[in-house]
Structure formats: structure tokens, C-alpha cells
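Visitor: I'd like a close look at one sheet in this model, strand by strand. After that, please walk me through what surrounds it along the chain.

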Amino acid sequence: MAFPEDVLTEDERVVLHLHPHWKALLRPILVLVLAVAAVVAGWILLPDGDGATIALYAIAALGLALVLWLGFWPFLVWRTTHYLFTNERVLLQEGVFSRNRRDLPLTRINDHSMHQRFLERLLGCGTLTIESAGERGQSVLNDVPHVDRVQTKLYELVEAHHDKHSLGDGEMREILADMRDGKPLHDPSA
């Protein structure tokens with residue numbers, strides 16, 4: 001369930017690849033522990049007999065159903081949710097059976113902000129909101145681990161991409177000087 005490398009462009013490189021914070025796995029682990037504890041308690045405490053055996057099977061079946069529904073499914077959702085930051089874009093992908101992917105080119109990112117509640121500050125996670133130009137506007141990434149560092153890295157990526165794809169003051173002065181001197185802007189022999 002790793003993120004497929006074939007969605008990246010030729011010059012694109014992964015800077016950060018994240019899943020939601022591990023706190024999303026606390027409930028599935030708790031459900032598993034409680035289900036096992038219920039089956040063990042039923043096995044130990046129920047008296048011998050056909051009725052007790054049927055009750056133990058019912059407890060085990062209910063425990064298994066709860067583990068699959070409240071334990072295994074959230075784990076699959078966590079495992080198939082990807083927050084990928086590259087030198088060209090931010091890719092958001094989620095979905096167990098079906099897949100949703102959103103690409104946010106760094107050139108279209110207008111703003112980004114983070115929010116942490118008290119408990120999230122203690123656990124080192126938070127919500128990152130990315131605003132981009134386009135009809136869908138905001139993308140909200142919940143439970144981002146080390147959200148403060150991720151926001152700083154996103155800022156660095158956006159700035160580096162902007163610097164790489166824009167002219168600096170020196171380059172602009174050189175172009176203007178060449179235009180003033182009548183030199184061609186593009187050397188056809190190059």
C-alpha cells in the first residue's frame with residue numbers, strides 16, 4: 001500500500017511522505033484488546049455446558065465483527081491515506097477500495113495554515129489547511145504528524161519552486177539591458 005512512484009514526473013522528487021498521525025490507531029488497538037479480553041473472560045468465567053459454549057461463540061463472533069468494523073477498517077483507512085509533498089506539488093490520496101487523489105501544484109498554493117488543539121499539541125499533530133487557486137479552494141489535512149514542521153517545509157517548497165521558476169532582479173536587469181542594446185533575447189545558435 002505504498003504510494004506508487006509512477007505518478008511522479010521525471011524531475012519530481014518526494015520530500016515528505018506521511019500518513020495521518022498514529023493516534024488514529026489508538027481506537028483500533030483498544031477495540032482489539034477489549035475484544036480479546038471479552039473472549040478470554042467468557043472462556044474463563046462461563047460455566048461448562050452447551051449454553052456456555054454457544055454464549056462463548058456469540059461473544060467471539062461479536063468481538064470479531066467489532067474488530068473488523070472498528071479495528072481493521074480504520075487501520076486500512078489510515079494505511080491508504082497519503083500526504084505526499086514533492087518539489088512540484090502536494091498529492092493527497094485516500095481510499096481503500098476506491099481511490100481519491102488531489103494534486104495541488106506548488107504554483108497554485110496561495111496560503112497554508114495549521115491548527116492544533118491542546119491534546120494535538122501534546123501528541124505532536126494537527127490540522128494543515130492548504131488554500132489553492134482553483135474551484136475547490138481549500139484542502140484540509142487532518143491529523144498531520146509534526147504539523148508545524150510540515151507547514152514550514154511546505155513554505156520552503158513553495159518559495160523554492162517560486163524562486164526556481166521566476167526571474168531574479170539581476171536576470172531582469174540583464175534582459176532589460178539586452179533589450180535596450182538591441183541584442184536578441186534568445187540566441188538561436190544556442
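**The sheet and its surroundings**

Guide: Let's start with a single pair: L128 has L141, in strand 7, as its bridge partner. Before going further, keep in mind that this is a predicted model, where local features need pLDDT of at least 70, side-chain atom pairs count only at pLDDT 80 or more, and totals for chains, interfaces and linings use all residues. Residues are numbered from 1 along each chain as its sequence is written, and side-chain values use heavy atoms, with hydrogens and water left out. Strands (E, at least two residues) and helices (H or I, at least four) are DSSP runs, numbered from the N terminus.

That pair belongs to the antiparallel match of strand 6 (residues 125-132) with strand 7, which has six bridges; two strands count as paired if DSSP finds at least two bridges between them. Widen the view and you get an open sheet of three strands, ordered 5-6-7, with antiparallel pairing. Strand 5 (109-115) and strand 7 (138-145) are its edges, each pairing on one side only. On average, neighbouring strands here are turned by 20° against each other, direction ignored. In general, strands of a sheet pair through backbone hydrogen bonds, either parallel or antiparallel.

What lies across this sheet? Helix 4 (residues 147-164) does, across strand 5, strand 6 and strand 7, and it runs at about 170° to strand 5. Such angles go from 0 to 180 degrees between N-to-C directions, with axes fitted to C-alpha atoms, for helices over the stretch in contact; contact means heavy atoms within 4.5 Å.

Now the loop between strand 5 and helix 3 (118-123): R117 sits there. R117 is exposed, at 52% relative accessible area; exposed means over 50%, buried under 20%, and partly exposed in between (1.4 Å probe, protein chains only). The C-alpha atom of R117 is 9.1 Å from that of T127, 10 residues away along the chain.

Earlier in the chain there's more strand pairing. Strand 2 (residues 82-86) is mostly covered, with five of its five residues buried: H82, L84 and T86 on one face, Y83 and F85 on the other. Strand 1 (residues 14-18) runs antiparallel to strand 2 and is joined to it by four bridges, with V14 partnered by T86. Four bridges also link strand 2 to strand 3 (residues 89-94), again antiparallel, and L84 stands opposite L91 of strand 3. Strand 2 and strand 3 make a hairpin with two residues between them.

On to the helices. Helix 1 (residues 26-45) has 20 residues and reaches 28 Å from first C-alpha to last, close to the 28 Å expected at 1.5 Å a residue; that expected span is 1.5 Å times one less than the number of residues. P28, V31, A35 and G42 are buried in helix 1. They cover an arc of only 60° around the axis, so they sit on the same side of helix 1 (the arc is that of the directions from the helix axis to the C-beta atoms). The buried residues of helix 1 pack against helix 2 (50-79), while the face turned away carries the exposed I29, V33, L34, I44 and L45.

Finally, the unreviewed UniProt entry annotates residues 25-46 and 52-76 as "transmembrane region"; its positions use the numbering here, feature names are shortened, and annotations may be inferred rather than shown by experiment. In the model, residues 25-46 are 91% helix and 0% strand, with end C-alpha atoms 31 Å apart, and residues 52-76 are 100% helix and 0% strand, with 34 Å between the end C-alpha atoms.
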